[in-house]
Amino acid sequence: MRHFTLFASALLLATACSPATETDTNPYAPQTDADGLVDAHFSDTYYRHLETISSDEFEGRAPGTRGEELTIDYISTIFRELGVQSFTNEDYTQPVPLVRIAPSRVTSMQLSHNGEASELEYRSEMMGWTNRVVDAISVQDSEMVFVGYGIVAPEFGWNDYEGLDVEGKTVVMFVNDPGYATQDAALFNGNAMTYYGRWTYKFEEAARQGATGAIIIHEDGPAGYGWGVIAGGSPVRFTMKTENNNMHRVELEGWVTANSAEKLFANAGISLAEAHERALAEDFSPIALNTTVSMEVENEFSDLDTYNIIGYIEGSKYPEEHIIYMAHWDHMGVDPISGEIFNGAQDNATGTAGLLSMAEKFAAGETPERTIVFAFVGAEERGLLGSAWYGENPLMPLGKAVAGINIDMLYAHGPVRDFVVVGWNNSDMQNFAEPHVIAQNRYMAPENNPEAGIFYRSDHFSLAKQGVPVLYAKGGVDHFFEGREYGEREAADFLANRYHKVADKFNPEWDLRGIHQDLWVFFRVGNDLANSRVWPQWAQGNEFEAKRLETADQRN
């Protein structure tokens with residue numbers, strides 16, 4: 001593994017040579033239960049927290065609702081009882097100003113090639129919107145240009161925009177990145193998506209380049225999902241409220257289907273397959289598509305405040321240095337048509353209850369040398385907006401953040417042997433977890449679908465973008481007693497039948513021992529780091545390494 005530090009090595013050696021027993025005086029030493037499970041009980045209160053937060057009373061915990069008010073009251077009350085300190089007020093809240101953007105009129109995407117007009121139909125052939133907080137946008141006769149993958153990545157020696165002035169133009173690009181396209185482990189991260197492959201990055205880069213519009217070509221494999229995910233949901237979008245009303249974003253953002261892209265490339269005399277080949281060529285240069293695009297979007301928008309709930313235990317020796325534990329408290333609320341509640345028991349009452357239990361554990365023990373921050377972030381289901389706001393408006397300088405640990409959607413199907421790291425080898429954070437996982441008679445494992453870019457879809461990503469090394473991991477599917485096939489079946493059933501559905505409800509028959517094991521790992525990693533002088537590092541060449549290096553002087 002890359003960056004396997006001396007600190008992690010020492011922890012592993014200590015664990016291997018001195019296995020903990022029930023006679024150890026260390027209150028955090030692993031304990032073995034009657035079934036032979038190690039660390040099967042982390043908290044006396046976890047069950048109650050999970051049951052309460054995912055109850056009907058909390059109405060699915062949507063931002064701006066009574067469910068949010070109840071969540072704030074519940075968490076802040078426990079913080080006060082524990083003596084956890086607040087950065088802000090007695091409710092421990094950090095306002096997150098949002099804007100709800102609802103399109104009231106969206107035209108088709110009107111194309112012109114050599115004087116001939118055609119159009120791409122909204123939803124069936126393309127999706128388009130604006131994240132600018134304006135009543136309407138009107139893009140007229142914008143020249144379309146193909147920019148390969150739309151990536152500028154100095155650490156990989158890649159610049160799809162080199163020599164191109166895109167002012168007034170609409171850029172068209174592939175989703176994912178060249179590593180996935182080639183399956184070349186030496187190119188980007190090979191099959192594992194980098195941030196440069198995420199659609200969010202591509203829109204951001206197009207804006208930095210000065211483009212008017214940015215269009216991504218959808219293909220099921222590199223996107224990781226079908227066209228229905230893009231076009232089948234609500235067109236209502238939420239965005240952070242900024243002083244310039246998001247005028248720094250491109251005017252038009254959107255996707256087109258592969259069949260639509262084939263028509264665009266035909267106007268330039270090439271096929272979709274040839275465009276793929278050219279995008280990967282060392283001498284790639286942008287390709288004019290000999291097509292202009294026009295499109296109009298009219299919006300209705302309203303302001304909406306939601307809140308992060310953040311407390312901390314101040315470090316005894318190095319209070320400015322801090323470890324950030326993070327979990328999103330929000331879910332999807334109440335179905336406005338059926339009235340059914342999206343309780344979000346596993347997503348993410350499991351993580352919210354876990355973070356509350358984490359605060360209780362730290363508050364009951366000896367004060368750590370570094371500060372511990374407990375960040376319950378909101379609006380994750382709206383696009384990681386609460387954590388993104390914190391990343392851009394931190395309550396402590398992120399240059400002094402030692403690491404982040406994200407607790408999101410823990411599986412409640414019992415104890416499992418595999419501890420799955422999302423973003424395998426991105427940093428040495430997983431190495432700090434490994435000795436504690438081994439002590440539980442478990443093993444570390446990478447995610448099984450790194451090409452899907454799951455690392456960029458949860459709240460730790462907002463810290464990673466600011467350079468903070470992060471751990472995002474959870475128990476997997478290799479069940480201690482029932483085997484891997486059972487665990488895979490349980491996980492598949494959850495994803496197919498309960499994930500983001502009203503069926504994600506608390507089940508009093510759940511076996512929570514695997515979650516308790518995970519919480520022990522998360523606690524020990526944070527506690528170890530909080531009582532050390534170690535600064536975890538990104539893997540050399542990782543896309544977030546440069547951002548971390550910008551703040552190196554703060555850690556000297």
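Which residues does Ile405 touch, not counting residues up to four places away in sequence? In this predicted model, the contacts of Ile405 are with Ile323, Ile324, Tyr325, Met326, Met429, Leu471, Phe522, Val525 and Gly526. Ile405 itself belongs to strand β18, which spans residues 401-406. With a relative accessibility of 1%, Ile405 is classed as buried, because the cut-off for that class is under 20%. One of the residues touched, Gly526, is 121 residues away from Ile405 along the chain, yet the two C-alpha atoms are separated by 7.8 Å.

Gly526 also takes part in a helix-helix contact, that of α10 with α15. Two packed helices are described by the angle between their axes and the distance between those axes. For helix α10 (residues 345-364) and helix α15 (residues 513-530), the axes come within 10 Å and cross at roughly 50°. The two helices α10 and α15 are therefore oblique to each other, and their crossing is right-handed. On the side of α10, the contact is formed by Thr350, Gly354, Met358, Lys361 and Phe362. On the side of α15, Ile515, Leu519, Trp520, Phe522, Phe523, Gly526 and Asn527 participate. By class, this contact of α10 with α15 comprises 7 nonpolar, 4 polar and 1 charged residues. Phe522 of α15, like Gly526, is among the residues that Ile405 touches.

Helix α10 packs against helix α3 (residues 66-82) as well, at an angle of about 10° and with the axes 10 Å apart. Since angles under 35 degrees count as roughly parallel, α3 and α10 are assigned to that class. Tyr74, Ile75, Ile78, Phe79 and Leu82 of α3 make the contact with Thr352, Leu356, Ala359, Glu360 and Ala363 of α10. The residues of this contact divide into 8 nonpolar, 1 polar and 1 charged.

Two further helices were examined for burial. In helix α12 (residues 429-439), 9 of the 11 residues are buried, so α12 is largely enclosed by the rest of the structure. The buried residues are Met429, Gln430, Asn431, Phe432, Ala433, Glu434, Pro435, His436 and Val437; Met429 is also one of the residues touched by Ile405. Asn441, which follows α12, has a positive phi, near 60°. In helix α11 (residues 385-392), 7 of the 8 residues are buried, so α11 too is largely enclosed by the rest of the structure. These are Leu385, Gly386, Ser387, Ala388, Trp389, Tyr390 and Gly391. The elements against which the buried residues of α11 pack are β2 (93-106), β11 (237-240), β13, β14 (318-328), β17 (370-377) and α13 (460-464).

Strand β13 (residues 287-313) also pairs with strand β3 (residues 109-113). In a regular strand the side chains alternate between the two faces of the sheet. In β3, Met109, Leu111 and His113 form a covered face, whereas Gln110 and Ser112 form an uncovered one. The pairing of β3 with β13 is antiparallel and extends over 3 bridges, with Val293 of β13 as the bridge partner of Leu111. β3 is likewise paired with strand β4 (residues 116-120), in the antiparallel sense over 5 bridges. There, His113 has Glu116 of β4 as its bridge partner. The hairpin of β3 and β4 has 2 residues between the strands, and Asn114 adopts a positive phi near 50°.

Notes: Residues numbered from 1 in each chain as written. Predicted model: local features only at pLDDT ≥ 70, side-chain atom pairs only at ≥ 80, totals over all residues. Heavy atoms only, no water. Axes fitted to C-alpha atoms, helices over the stretch in contact; angles between N-to-C directions. Helix = DSSP H or I, 4+ residues; strand = E, 2+ residues; numbered from the N terminus. Parallel < 35°, antiparallel > 145°, perpendicular 65-115°, else oblique. Left-handed = near helix turned anticlockwise from the far one by under 90°. Contact = heavy atoms within 4.5 Å. Nonpolar A, V, L, I, M, F, W, Y, C, P; charged D, E, K, R; others polar. Buried < 20%, exposed > 50% of the residue type's maximum accessible area, 1.4 Å probe, protein only. Pairing = 2+ DSSP bridges.
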